[in-house]
Amino acid sequence: MTERDFEPGVTVVIPCRDEAEALPGVLSAIPSGYRVIVVDNGSSDGTAAVARAAGATVVTESTPGYGSAVHAGVDAARTELVAVLDGDGSLDPGELPRLVAEFGPGVDMVVGRRRAAVAGALPLHARIGNWAFAFRLRRRYGLPVHDIAAMRVARRDRLQALGHLHARSGYPLALLTGAARAGWLVLERDITYRPRTHGESKVSGSWLGTLRAARDFWSVR
């Protein structure tokens, strides 16, 4: 598919594993006119059925990992712009239009910098890890970011050009690293971060999850 084959508009990709409880609230908050692809990454709680019932397109990705799910969603999208956010209710899809509005000439990606809506929304160990990797991006690549792109909007052709970056939790960092190396113009804007509405985060919900994510991050070169 060439750039001229892209359709105007925005597709929201939501990678999910066992988010059936939180997903209805997330999907109901998607801005009108945006397309939605939910990528079911090995769920056992009916996530795919919940997504279909809400009118979302469902893509099944059997290879486990956040990055694998995101890649599957981007591959399935057909619009010029692709947004990605989690399906746990911690991010507000209603803020996506503010990021989309930043796409002037030359802008390749707009990423969100999480600002906690309530104290403790993002655990200390997660904040420390996030700060360390964002600092690395600024110092090594000169990329003006302070967060690891939990919510982001990018041009689909640019994403496709980077290829498959990382299969697991290291994907957001690999994306920012790849963007910097490719000379993308990346903008960062504040977004609201809330406690997830249901269940426990697979990454920041525990020290073990955070350590696993950190291992994936350190594997990114």
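D18 is found in the loop between β1 and α1, in a predicted model whose protein chain comes to eight helices and seven strands. Of the 221 residues of this chain, 52% count as buried. Among contacts between residues at least 6 apart in sequence, 77% join residues at least 24 apart. The points below take up the backbone at two loop residues, the nonpolar cores, the helices and one further loop residue.

**Positive phi in two loops**

- Most residues other than glycine have a negative phi.
- D18, which is not a glycine, nevertheless has a positive phi, with a value near 60°; its relative accessibility is 28%, so D18 counts as partly exposed.
- A149, likewise a residue other than glycine, has a positive phi of about 55°, and it is placed in the loop between α5 and β6, the latter spanning residues 152-155.
- Buried is the class assigned to A149, because its relative accessibility is 1%, which falls under the 20% cut-off.

**Nonpolar cores**

- In soluble globular proteins, nonpolar side chains tend to be buried together.
- The largest nonpolar core in this model holds 34 residues, and the members that touch the most others are V12, I14, V38, L96 and V153.
- At least two residues of this core are supplied by each of the strands β1 (7-16), β2 (35-40), β4 (79-84) and β7 (186-193), and likewise by each of the helices α1 (23-28), α2 (47-53) and α4 (96-100).
- Strand β1 provides the largest share of this core, namely four residues.
- Leaving aside residues up to four places away in sequence, I14 touches L23, V26, L27 and I30, then V36, I37, V38 and V39, and finally L85, D86 and G87.
- A second core, separate from the largest one, has 30 residues, including I37, V39, V70 and L137.

**Helix α3**

- Helix α3 covers residues 66-76, and eight of its 11 residues are buried, so this helix is largely enclosed by the rest of the structure.
- The buried residues in α3 are G67, S68, A69, V70, H71, A72, G73 and V74; among them, V70 also belongs to the second core.

**Packing of α5 against α7**

- Two packed helices are described by the angle between their axes and the distance between the axes.
- For helix α5 (residues 124-141) and helix α7 (residues 171-181), the axes come within 11 Å and cross at roughly 10°, which means that α5 is roughly parallel to α7, since angles under 35 degrees are classed in that way.
- The crossing of these two helices, α5 and α7, is right-handed.
- On the α5 side the contact is formed by F133, R136, L137, R140 and Y141, which meet L173, L176, T177, A180 and R181 on the α7 side.
- Sorted by class, the residues in this contact of α5 with α7 are six nonpolar, one polar and three charged.
- L137 of α5, a participant in that contact, is also listed in the second core.

**R168 in the loop before α7**

- R168 sits in the loop between α6, which spans residues 156-162, and α7.
- With 40% relative accessibility, R168 is classed as partly exposed.
- R168 and T63 are 105 residues apart along the chain, while their C-alpha atoms are separated by 9.7 Å.

Conventions
Residues numbered from 1 in each chain as written. Predicted model: local features only at pLDDT ≥ 70, side-chain atom pairs only at ≥ 80, totals over all residues. Heavy atoms only, no water. Axes fitted to C-alpha atoms, helices over the stretch in contact; angles between N-to-C directions. Parallel < 35°, antiparallel > 145°, perpendicular 65-115°, else oblique. Left-handed = near helix turned anticlockwise from the far one by under 90°. Contact = heavy atoms within 4.5 Å. Nonpolar A, V, L, I, M, F, W, Y, C, P; charged D, E, K, R; others polar. Core = buried A, V, L, I, M, F, W, Y, C linked by side-chain atoms within 4.5 Å. Buried < 20%, exposed > 50% of the residue type's maximum accessible area, 1.4 Å probe, protein only.
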